[in-house]
Amino acid sequence: MTTTFDAFDHACMARALQLAARGLYTARPNPVVGCVVAKDGAVVGEGWHPRAGEPHAEVFALREAGERARGATAYVTLEPCAHHGRTPPCAEALVQAGVARVVAAMRDPFPRVDGAGFARLQAAGIAVAAGLMEGQARDLNRGFLSRFTRGRPWLRVKLAASLDGRTAMASGESKWITGEAARADVQRWRARSGAILTGADTVLADDPALTVRLGDATPFQPPLRVVLDSRLRSLAMPRVRDGSAPTLYLHGPDAVPPPGLDAEFAVVPTRDGHLDLESALRLLAGRDINEVQVEAGPALCGALLHAGLVDELLLYQAPLVLGDTARPLFAGLGIEAMAQRLRLELVEAAMVGDDRRLLLRPAQA
């Protein structure tokens, strides 16, 4: 495959990535994909994948391009599919449209594609190039990629903290550390998640709904609400299974779910007296969950971090101080020396109202 790209190639792929992002709230469990068809230095068709079961990005872009697609270049953020799923293969659609060249940002790790799309295009005499803006494409679909390459979803821990790193008063009082703008921003991150995960202690303390409240007409799929509750202690708290979104309780082998509740239940093995967190994530991957957003207390967040399961930390830092008796971001890390410290890399920093939003990921060794 050729790997030389010019400025127009970059501009078209950047636009395709913008289009792909439109599916972040609706396309799951499928990846988000954008496509731009260009000919003679002009864009003649655009498309993106809105939701599973509907046409893929390439089909929408080719429809818009019509006859102008013949001899054109198609820019796609992910390798075109080559199999019959709920929709026909996009590689075949590109062949039938008569495009002369396909530029893809990255290869698709899905086993039924994974190189087969490129092979079909090349067999038809279409020039194929891959790797343009691959980093951006991989980041956009980090949950989908995690599910197929690691067997578990991408895990994001969301926390709101004071300047001195405290998430709640010693009593548990935490409303509100951050302002309205930050709390509204969290809803966007919830909307892109396949599941919102919490623990029994958080449900017992806060009786949260864990639903998406965007405040506008933006379409989204309600994320699965997941409660880690080894002994099913939190069933008396009803808001988390109020019917506005699906709910799943993950419990230990000895707990027996009562009948008649509007929720699903699944058994997770235990390790050292606690639910095995990695097994819980693999169970969610088996349910086609790409991204999990954790909204929980310091014990569960600390356990996930200590286990090396946290892929990114979404931290909202408010300009206030709560004092040294308030609750920390993480508990149970067992860090006693600088050599044990956990280093994070800053991916993004932004002001959201009066609060600062930090996106951090564990530093690579």
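Two residues are in contact when heavy atoms of theirs lie within 4.5 Å, and with that in mind you can start the tour of this predicted model by selecting alanine 182, which touches Tyr316, Val352 and Asp355, leaving aside residues up to four places away in sequence.

Stay with alanine 182 for a moment and show helix 7, residues 180-191, where this alanine is found. Is alanine 182 buried or exposed? Its relative accessible area is 1%, and because buried means under 20%, alanine 182 counts as buried. If you now add alanine 160 to the selection and draw a line from C-alpha to C-alpha, the two alanines are 9.1 Å apart in space, while 22 residues separate them in sequence.

Next, zoom out to the whole protein, which has 10 helices and 18 strands. Its radius of gyration is 23 Å, close to the 21 Å that the globule rule gives for 365 residues, so the protein is as compact as a globular protein of that length. Buried residues make up 50% of the 365 residues, and among contacts between residues at least 6 apart in sequence, 69% join residues at least 24 apart.

Now select helix 10, residues 298-306, and display the side chains of its buried residues, which are Pro298, Leu300, Cys301, Gly302, Leu304 and Leu305. What do the buried residues of helix 10 pack against? Colour their partners one after another, including strand 6 (154-161), strand 8 (195-199), strand 9 (224-228) and helix 9 (277-286). Following the chain onward from helix 10, you come to glycine 308, whose phi is positive, near 75°.

The last stop is the aromatic rings, where the count comes to three pairs. Select phenylalanine 110 and phenylalanine 148, whose ring centres are 5.2 Å apart with the planes at 80°, so this pair is edge-to-face. Phenylalanine 110 sits in the loop between strand 4 (101-104) and helix 4 (116-123), whereas phenylalanine 148 belongs to helix 6 (residues 142-149), so the pair ties together parts that are 38 residues apart in sequence. Phenylalanine 110 is partly exposed at 23% relative accessibility, and phenylalanine 148 is partly exposed at 28%. Add Phe144 to the view, and you have one aromatic cluster formed by Phe110, Phe144 and Phe148.

Finally, select tyrosine 249 and phenylalanine 265, whose ring centres are 5.2 Å apart with the planes at 15°, so this pair is stacked. Tyrosine 249 lies in strand 10 (residues 247-251) and phenylalanine 265 in strand 11 (residues 264-267), 16 residues apart. Tyrosine 249 is buried at 0% relative accessible area, whereas phenylalanine 265 is partly exposed at 23%.

Technical notes: Residues numbered from 1 in each chain as written. Predicted model: local features only at pLDDT ≥ 70, side-chain atom pairs only at ≥ 80, totals over all residues. Heavy atoms only, no water. Helix = DSSP H or I, 4+ residues; strand = E, 2+ residues; numbered from the N terminus. Rg over C-alpha atoms; globule rule 2.2 N^0.38 Å. Buried < 20%, exposed > 50% of the residue type's maximum accessible area, 1.4 Å probe, protein only. Phe/Tyr/Trp six-rings, centres within 6.5 Å; stacked < 30°, edge-to-face > 60°.
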